[in-house]
Amino acid sequence: MTAPSATAATVTGSRVLAHPAREEIRIEGVLHALSDPMRLRVVRELAAADGELTCSRIELPVSKSTSTHHFRVLRESGVVRQSYRGTAKMNGLRRDDLDTLFPGLLDAVLDAANRQADRFGGA
């Protein structure tokens, strides 16, 4: 008998979204996810929000399929948690998990991204 995977899933109805368990989140995956300007933009908006946001609330200058790809990379790397509420896919930062595993990383990346946005006019 094999041991069950530690991968967590968010289940609502028949929709299941796989998320890595905290102990499965790796620094390489997080840094890869945060290295893309569109994904970093998503993370900045989620960090500035009071709570979760739907995918459609975060406007990206890319096609819908590319936007879906970026959200999937963020989810699979452990940066965001996604769940369905009706037909809306909600997104929230996994700040507690990231801060526990990599103390100060998310704040340092967000601070650097905000400074860069100030230097280059919000981008």
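Me: Is the crossing of helix 2 and helix 3 left-handed or right-handed?

Reply: Right-handed, in this predicted model. The near helix is turned clockwise from the far one by less than a right angle (anticlockwise would be left-handed). Quick housekeeping: residues are numbered from 1 along each chain as its sequence is written. In this predicted model, local features need pLDDT of at least 70, side-chain atom pairs count only at pLDDT 80 or more, totals for chains, interfaces and linings use all residues, and side-chain values use heavy atoms, leaving out hydrogens and water.

Me: What makes helix 2 roughly perpendicular to helix 3?

Reply: Helix 2 (residues 37–48) and helix 3 (residues 64–77) pack at about 70°, with axes 10 Å apart. So helix 2 counts as roughly perpendicular to helix 3, given the bins: under 35 degrees roughly parallel, over 145 roughly antiparallel, 65 to 115 roughly perpendicular, the rest oblique. Axes are lines fitted to C-alpha atoms, for helices over the stretch in contact, with angles from 0 to 180 degrees between N-to-C directions. Helices are DSSP runs (H or I, at least four residues; strands are E, at least two), numbered from the N terminus.

Me: Which residues meet there?

Reply: Met-38, Arg-39, Val-42 and Val-43 of helix 2 touch His-69, His-70, Phe-71, Val-73 and Leu-74 of helix 3 (heavy atoms within 4.5 Å). That contact has six nonpolar, two polar and one charged residues. Ala, Val, Leu, Ile, Met, Phe, Trp, Tyr, Cys and Pro count as nonpolar, Asp, Glu, Lys and Arg as charged, the others, Gly among them, as polar.

Me: Why is helix 2 called roughly perpendicular to helix 5?

Reply: Helix 2 and helix 5 (residues 105–119) pack at about 105°, axes 10 Å apart. That angle makes the pair roughly perpendicular. Leu-40, Val-43, Arg-44 and Ala-47 of helix 2 take part, with residues of helix 5 including Leu-106, Val-109 and Leu-110. The class split is eight nonpolar, one polar and one charged.

Me: What makes helix 1 roughly antiparallel to helix 3?

Reply: Helix 1 (residues 27–34) and helix 3 have axes that come within 9 Å and cross at roughly 155°. Helix 1 is therefore roughly antiparallel to helix 3. This crossing is left-handed. Gly-29, Val-30, His-32 and Ala-33 of helix 1 meet Val-73, Leu-74 and Ser-77 of helix 3, giving four nonpolar, three polar and no charged residues.

Me: Which element gives the largest share of the lining of the largest pocket?

Reply: Helix 3, with six residues. By class, the lining has six nonpolar, seven polar and five charged residues.
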